Every structure is written in C-alpha cells, then in structure tokens.
Amino acid sequence: MRSSVRRAKRKQKHSSIFSSQYQQAPETRAEPDERSTAGLHKQEQTEQRPALSRNSSPTVFSNQQIQPQPPSQPPAQPPPQPPTMSDRDPRMNMPTAVQIPYNIDWIFQKQRCPSRVWWLASQFVITAVGIFSKILLMLMNKTRVYNKERLVDMISKRPQDVPLLTVSNHYSCFDDPGIWGILPLRQACSTNRIRWSMAAHDICFTNKYHSMFFMFGKCIPVVRGSGVYQEAINLCIEKCAAGQWVHVFPEGKVNMEKQEIRLKWGVGRIIYESPKMPIILPMWHEGMDDVLPNVEPYVLQWRKKVTINIGQPMDLNDFVDDLKKRQVPEPTARKLITDKIQEEFRILRMETEKLHRERQQ
C-alpha cells in the first residue's frame, strides 16, 4: 500500500515538471482566421503595420535629439505672362497651339521677297479682282462714297517713303476686296499701289490653290488666337517700313451683330513699332452685308444701297513720340493707341449710319 502511494506521488511530481517545461509549437497552435473576432483584429493590425523588406534593418533610436525636417518647397510657379489683347481676362487670349490646317510658312517667305514671277502673277490676280469689284459695287449696286478724294490722294500723292494704314469696320466677307471697287482702275488694278491686307488662315489659306490665289492678291495669313506677336503682324510692320499701304480690320472678325467691340491691339503694335509713322486713315461703311449676306446661301446681291465714308487722317505722331519718351510699357502703349482709333470709329460710325439712314428714306 505504501509502495503504491509512493509511486503515485513520484508520477505526479514528474507530470508537473513536464507541464511547466513544455510549450506548444507555433505551427500547432490554433490560428484565428478572418471569421473570428481575434482574426479581424489581427487583420486590422496587419494592414496598419508598414511592410518591411527583407533587407531593411530595424530602426535604432538614440538619445540624440531628432532634428526637424525643413518644410518642403512649394512647386515652382510659372513666370507671369505678358498682357494680351483681351479686354476681360488678361490671360484669355494668350498665344496657344492653334490648329493650322495648311502650312503657311512658305507664304511669308514669298511675300517678304517677291520675285518677278510673283509680281506678274499678282498683277493678273489684282487686275481680275479689281475689275470684278468695280463692276459689282459701282455698277450692279447703288454705292455712294463720301470724301473719296481723301483715300485716292493718300494712295497716289503721299511721299514715297511714308506708309499708309487704313482701318475700317468689318461687316461682311466681301468687305475686302469689295470696298476697293470705289477706287479708280489705275489704283484698284495695280499691284504696286493696292493694299496689303490680313486674311484668316482657316478660311483663305486651307489648301495650296486657295493660298496661292490670296497670296497673289496681297493677303497676309493671320492666325487668329495667336496674339499680337505673330508673323502676320511682323510682316505688316515690315511693309509699313517700306512705305507701302496696309489695311487692317481692327475688330479681328466679321462683326455680324454690328456691336461695338473692343478693337484688337495688333493695329496698335503696327503703329507703335513701325520705323516710319504711317498716315492713319479711318473708314466706315454700311450696307456691305446686304451685298453679300452673312447667312446661307452666301450669294452676291445687286441693287443694294452701300454707303462708304472716308474719315479725316489721324495724326498720332506727337502722341506716339510722347509714349516712347515716357517709356510707357509696350502693352500699355498699344492699348492707348488702339483706344484712339476706337474713339474715331465711334464718331465716324454715327456719321455714316446717319447718312445711310437718309438714303433709305
């Protein structure tokens, strides 16, 4: 009996020693999965814990004071853009990547250095268009011109090295070349005397044949939306430097609504940067949109009344010289010069509309 009790005590002692030393292997423990509360808690901890690569070493903290990191530099701001022609948002009409359907670079080269063949082709086109405009405007329609001698004299009698800059409203696609039908044939059909004029690149210069026709007609392709610093304006300044005649539609588009809109600053740049101050001759016309309506089917009409009024020459020599002496910034100078033309347009428009209404009665 004593021996059995002694064996039981020895067995109990061995069992307690074994249980205190033995621990279950990790691979044999019950691992909680995502379906249990413990599993969800462990999954959240795992997602929040940043992942470490195998080669990463544990972070060692020292007693040294941690230096604060300098604040990150803000991204570099783009340089300020120069003022533009817009009268609402100064950055609205900045030169952008305007789609050009046909390459027009070669046209500027031809017009800068015209060859003898170019002049012969231009003379043929100018003569044909001049006669057509004369017949349509003066014979097939009832056109009355006020102060016509001002324009005729400025074309023929001004000093040879003095440029002429005419400006007018733009109510119809036939304004140019139509209004030049009022000139004598010796001027309307002469490629040496007729004007240089800017024409929209996306309308008149869409393919090779259209481009050649308008190029020989002394039309300079202007890319609307590219601002005042473009080849068309540069070429107009060069033609003024050569003492030639340049015509500009400062509205920049066909003003079908006939509203008073802010004139584009391109004309201001031509006047301000021209090496020789041009004679500025404003013009206003009414009824050209009746000869060629701005609605389909765009067919030329006849027996319509057209009124053209030639204004007084504008003398801006002292005004421009004063701007240059005071070193007024160029964008401001262009705006002030353009405003002068806008004021003259207001006066000339009221006179011409009154004359045109009297003819309608």
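T166 of strand β2 stands opposite H247 in strand β5. The model that shows this pairing is predicted. The two strands, β2 (residues 164-168) and β5 (residues 245-248), run in the parallel sense and are joined over four bridges.

β2 has a second partner. With strand β6 (residues 279-286) it also pairs in the parallel sense, this time over five bridges. Here V167 is the residue to find: P282 in β6 stands opposite.

| Partner of β2 | Residues | Sense | Bridges |
|---|---|---|---|
| β5 | 245-248 | parallel | four |
| β6 | 279-286 | parallel | five |

How much of β2 is buried? Five of its five residues are, and the strand counts as mostly covered. The cover lies on both faces. L164, T166 and S168 are buried on one side. L165 and V167 are buried on the other. T166, opposite H247, and V167, opposite P282, therefore belong to opposite faces of β2, and both are buried.

**The helix pair α3 and α9**

Two packed helices are described by the angle between their axes and the distance between the axes. Helix α3 covers residues 105-112 and helix α9 covers residues 208-216. Their axes lie 11 Å apart, and the packing angle is about 25 degrees. Angles under 35 degrees count as roughly parallel, so α3 and α9 are roughly parallel to each other. The crossing of α3 past α9 is right-handed.

Which residues meet? From α3 come W106, I107, K110 and Q111. From α9 come S211, M212 and M215. By class, this contact holds four nonpolar residues, two polar residues and one charged residue.

**Q111 up close**

Q111 sits in helix α3. Is this residue buried or exposed? Its relative accessible area is 0%; the cut-off for buried is under 20%, so Q111 is buried. Beyond its neighbours within four places in sequence, Q111 is in contact with W118, W196, M215, C219, I220, P221, L235 and K239. M215 belongs to the α9 side of the helix contact as well.

**The whole protein**

The protein has 14 helices and seven strands. It has 361 residues, and buried residues make up 39% of them. Take the contacts between residues at least 6 apart in sequence: 77% join residues at least 24 apart.

Conventions: Residues numbered from 1 in each chain as written. Predicted model: local features only at pLDDT ≥ 70, side-chain atom pairs only at ≥ 80, totals over all residues. Heavy atoms only, no water. Axes fitted to C-alpha atoms, helices over the stretch in contact; angles between N-to-C directions. Parallel < 35°, antiparallel > 145°, perpendicular 65-115°, else oblique. Left-handed = near helix turned anticlockwise from the far one by under 90°. Contact = heavy atoms within 4.5 Å. Nonpolar A, V, L, I, M, F, W, Y, C, P; charged D, E, K, R; others polar. Buried < 20%, exposed > 50% of the residue type's maximum accessible area, 1.4 Å probe, protein only. Pairing = 2+ DSSP bridges.
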